[in-house]
Amino acid sequence: MTANQMNGAEMVIKALGDQGVDVVFGYPGGAVLPIYDALFMQNRLRHILVRQEGGAVHAAEGYARSTGKVGVVLVTSGPGATNAVTGLTDALMDSIPLVCLTGQVPTHLIGNDAFQEADTTGITRPCTKHNYLVKDVNDLARVLHEAFYVARSGRPGPVVVDLPKDVLFAIGTYLAPEQVEPRKSYRPKTDPDPARIAEAVDLIINAKRPLFYGGGGIINSGPDACKLFGELVEMTNYPCTLTLMGLGALPASDKRYLGLVGMHGTYESNMAMHGCDVMINVGARFDDRVTGRVSAFSPNSKKIHIDIDSSSINKNVRIDVPVIGDAGKVLEALISALKAKRFSPDKTALSKWWKQLDEWRKRDSLHFDQAGPIIKPQYAIERLYQLTKDRETYITTEVGQHQMWAAQLYKFEKPNRWMTSGGLGTMGYGLPAAMGVQIAHPDALVVDIAGEASILMNIQEMSTICQYRLPVKIFIVNNQYMGMVRQWQELLHGGRYSESYSESLPDFVKLAEAFGASGLRASKPEELDDVIKQMLAIPGPVIVDVAVDQKENCFPMIPSGAAHNEMILGPSDKQSGGSVSEEGMVLV
Amino acid sequence: MSDIERHTIAVLVDNEPGILARVVGLFSGRGYNIASLTVAEVDSANSLSRITIVTEGTPMIIEQIKAQLSRLVPVRVVHDLTEEGSTVERELVLLKMAGTGEKRIESLRLADIFRARVVDSTIESFVFEVTGSAEKLDAFINLMKPLGLVEVSRTGVVAISRGAAAI
Ligand SMILES: Cc1cc2nc3c(=O)[nH]c(=O)nc-3n(C[C@H](O)[C@H](O)[C@H](O)COP(=O)(O)OP(=O)(O)OC[C@H]3O[C@@H](n4cnc5c(N)ncnc54)[C@H](O)[C@@H]3O)c2cc1C
Ligand SMILES: Cc1ncc(C[n+]2csc(CCOP(=O)(O)OP(=O)(O)O)c2C)c(N)n1
Ligand SMILES: [Mg+2]
């Protein structure tokens, strides 16, 4: 056999190597045994054995988001593939590049309801950027290389490659990545149209009350794009707000940063969104968590929207100047165009705007009182931040109130340090994601800020964490409630807390020990710092169970169907404008 | 709503398994409306198929439909024929008429006016073939209903722009 003749399973390993993949998150089964055999016979590619396929996908997401590389997943047919579906959907919503290899029954049995057969390409078609069923081993190399290209280019996303078992055994010809021609039908546009740049520059120069609205697209574009974004914000001295997915795109310490925007964003961010006259959206998608009631969203602004995906433009909100292209390239073009025009901001207008913004800032909307003997959840996160901010720290979260408090209070100075499930809001994301982050950054501090309900959704991954001695820290903000659900029931359903109490919780300290990790607990405010320091001092994985106030709600909050200027600032503010309309009630 | 528009969109795609499911799934998953959809290979050397979709929506939805279609990996180009100017749109229908006597004669007379062809006949039935715009076919079918129409098979709309320019 010549060097480029090999079987399908060997081709998979070779293609992953040629794509620069160093780690695969997976779980074996009958249909992928040939690949596991090929894995066994090499030592370049590392395989991380998860405990449930869903964990593998979130781990690959954490790996991808913290490195900018494509995350790789390997699962078997049928239940292996269906278990991966939530993670694939999560990655699609948050634009995370993944390649997920799924086993499939042999081609001649497809359609026969064979053992562990599922229509994987059918099931995953709406939850992937693209998917493939490979029926001929001679297509395999091309498809794998194309899958990586599709996953990472343009708007990134998950790609599934379904591999029938007979194809893995068949001998065929391998092609290297450079031998594969990019297909004509897929050519993402990354360079902006100069005419649009000129229009955008015009609006930026003449703005009186400008606002940058930065999102996950800047992080997708990469650290260089984030630098350019910082440069543009600095040279204009315009204020900037970030979405949940955009945190870290601008250093939180930048004095022009107004904080998180949207449903649980700061007062100043949302008031600025409402009151600006020119909005410069860079890589954000006008999500409903951000816009509130669309008809009342930023009524008096001209909107520039920079996005690599033309379907994001005019989807929810009317755009005046769409700029389609990669955020980094567009920012570069904007900066050089502004420099060429010897741009200087309208000082009078801008100082008036900043005066207003500073007034709004004075409302101190993230303020909380750590009074009394019970730990406030915000205080727990604030102390975690203070005690970890000077390290190389990566934060993942689960979904709920703790996620929002983390987004509000943990300040990120760099991109790729914040991994959260934004679009799908998948409970159980944070623990496996932290695992993936720690694999990519073995020496960094990786903390999963968790809720006691969410953590139980993928708790089995503690076993993976212990097997690979990953020093992940799990920081459970334990309010014994599905707090976010409880909060909505309090505000919208007359305080009828239907099924939102976390009954029969495990003893998380003992649970940690049962897995072979360490467990710590903090129940009083004065214990908190010590417990966090102990957590940091322990070299291995730790679960910290922090007992917090059960009744605390997450504010500010824009109730569903409300406008930005109808925000509820705190518990005493419930009546003022913050009532939920009938249309609001039906919204999620 | 008054700002609902009807557009005919031509989509050139790589002819590969699952492509039609992708397009149809996009429409159903995002709640877009399909009034008509036709598909066939048009360039076998390059393995290209052409899908013609007639859809309805507000201008913002129509724009979304086109952007979402363009985003599909196997889609080469998307052309909004309605927006790009004058088009020729045609559809073919086969109608089966059953019966004898006066109604049978009358249906033949009307078929002549609509330039329908008889492609099958027995003592008690005809199959007519008609091409034309969807509106013309609707009119013809309506006229045939009381005259013994028993079955209809339509192709859906195919369309092409007028003039020398090509996709
Ligand atoms: C409980 C809960 C509460 C939430 N509350 C809030 C909230 O208060 N505030 C908030 O902001 N979010 C909130 N979210 C998250 C929200 O649901 C969305 O996930 C988030 O707002 C989307 O962020 P984004 O607009 O930055 O877009 P992303 O989902 O990150 O999308 C990125 C955009 O950038 C584009 N893009 C990708 N790559 C590039 C590139 N290279 N160049 C240019 N563009 C590119 C994409 O096409 C896309 O349009 C909440 C989520 C949960 C679970
Ligand atoms: C898989 C999944 N199921 C249900 C939900 C709905 N949901 C959102 S937040 C939440 C409660 C989370 O509780 P917990 O993890 O304790 O976090 P807390 O809000 O208390 O901080 C639920 C059930 C979800 N986001 N994901
Ligand atoms: Mg909770």
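User: Which residue is the bridge partner of Ile395(A) in strand 16 of chain A?

Analyst: In this predicted model, Trp418(A) takes that role.

User: What makes strand 15 and strand 16 of chain A a pair?

Analyst: Two strands pair if DSSP finds at least two bridges between them. Strand 15 (residues 393-397) and strand 16 of chain A are joined by 2 bridges and run parallel, so by that cut-off of at least two bridges they pair.

User: What is the strand order in the sheet, and why are strand 16 and strand 19 of chain A called edge strands?

Analyst: The sheet is open, with 6 strands of chain A in parallel pairing, ordered 16-15-17-18-20-19. Strand 16 (418-419) and strand 19 (518-522) of chain A each pair on one side only, and that puts them at the edges.

User: Let's move to the interface. What makes Asp14(B) and Arg183(A) a salt bridge?

Analyst: The closest N and O atoms of Asp14(B) and Arg183(A) are 2.9 Å apart. The cut-off is 4 Å between a side-chain nitrogen of Lys or Arg and a carboxyl oxygen of Asp or Glu, so the pair qualifies. Across the interface of chain A and chain B, the rule finds 3 salt bridges. On the side of chain A that touches chain B, the residues split into 4 nonpolar, 7 polar and 8 charged.

User: How many residues take part, and how much area is buried between chain A and chain B?

Analyst: Chain A brings 19 residues to the contact and chain B brings 15 residues. Together the two chains bury about 1,500 Å², with 48% of it on carbon and sulfur atoms. There are also 9 residue pairs in polar contact between chain A and chain B.

User: On to the backbone. Why is Asn237(A) called partly exposed, and Ser504(A) exposed?

Analyst: Exposed needs over 50% relative accessible area, buried means under 20%, and partly exposed sits in between. Asn237(A) comes out at 26% relative accessibility, so it counts as partly exposed. Ser504(A) has a relative accessible area of 71%, so it is exposed.

User: What is phi at Asn237(A) and at Ser504(A)?

Analyst: Phi is near 60° for Asn237(A), a positive value in a non-glycine residue. For Ser504(A) phi is near 50°, again positive without being glycine. Most residues other than glycine have a negative phi. Asn237(A) is in the loop between helix 11 (223-236) and strand 10 (240-242) of chain A, while Ser504(A) lies in the loop between helix 21 (483-492) and helix 22 (508-515) of chain A.

User: Is the peptide bond from Phe555(A) to Pro556(A) cis or trans?

Analyst: The bond is cis, with omega near -5°. Pro556(A) lies in the loop between strand 20 (542-547) and helix 24 (582-585) of chain A.

How values were computed. Residues numbered from 1 in each chain as written. Chains lettered and ligands numbered in written order. Predicted model: local features only at pLDDT ≥ 70, side-chain atom pairs only at ≥ 80, totals over all residues. Heavy atoms only, no water. Helix = DSSP H or I, 4+ residues; strand = E, 2+ residues; numbered from the N terminus. Buried < 20%, exposed > 50% of the residue type's maximum accessible area, 1.4 Å probe, protein only. Contact = heavy atoms within 4.5 Å. Buried area = accessible area lost by both parts, 1.4 Å probe. Polar contact = N/O pair within 3.5 Å; in protein donor to acceptor, adjacent residues only side chain to side chain. Nonpolar A, V, L, I, M, F, W, Y, C, P; charged D, E, K, R; others polar.
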